[in-house]
Amino acid sequence: MKFDWSIQASTNLVIRLTVEELKLLPRAGLSQVVQGVDSGSPRVMKLMNKDFQKIETVYSGPPRN
């Protein structure tokens, strides 16, 4: 059975995946990855208890080969 699916992910999830893993996702039917950032302010992120989501990852993106 073939179907399309999409995910909503924070940047910290996406940067943990290797290039090889990212390449496998479309083969499994993934058609879209929507990334979101709760704030551009480290202070606000800390107040939201989202210290795990680093601002730098928003700008660096996933690993490239």
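Among contacts between residues at least 6 apart in sequence, what share joins residues at least 24 apart? In this protein, that share comes to 64%. Keep in mind that you're looking at a predicted model.

Let's start with the overall layout. The protein has four helices and two strands, and reading along the sequence gives you the pattern β-α-α-β-α-α. There are 65 residues, and 20% of them are buried. As for the outside, the accessible surface adds up to about 5,200 Å², with carbon and sulfur atoms taking 55% of that.

Now zoom in on the loop between β2 (30-36) and α3 (42-47), where S39 sits. D38 is in the loop between β2 and α3 too. Here's how exposed each residue is:

| Residue | Relative accessible area | Status |
|---|---|---|
| D38 | 41% | partly exposed |
| S39 | 13% | buried |

S39 counts as buried because its relative accessible area, 13%, is under the 20% cut-off. D38, at 41%, falls between 20% and 50%, so it's called partly exposed.

Who do these two meet? Setting aside neighbours within four places in sequence, S39 is in contact with V44, M45 and I55. A polar atom of the S39 side chain also lies 3.0 Å from the backbone nitrogen of S41.

D38, again not counting residues up to four places away in sequence, touches M45, M48, K50 and Q53. Take Q53: this residue is 15 residues along the chain from D38, and their C-alpha atoms are separated by 9.0 Å. M45 turns up on the contact lists of both S39 and D38.

Conventions:
Residues are numbered from 1 along each chain as its sequence is written. This is a predicted model: local features need pLDDT of at least 70, side-chain atom pairs count only at pLDDT 80 or more; totals for chains, interfaces and linings use all residues. Side-chain values use heavy atoms; hydrogens and water are left out. Buried means under 20% relative accessible area, exposed over 50%, partly exposed in between (1.4 Å probe, protein chains only). A polar contact is a pair of N or O atoms within 3.5 Å; within protein, one must be able to donate a hydrogen and the other to accept it, and residues adjacent in sequence count only if both atoms are side-chain atoms. Contact means heavy atoms within 4.5 Å. Accessible areas come from the Shrake-Rupley method with a 1.4 Å probe; for residues, only the protein chains shown count as cover.
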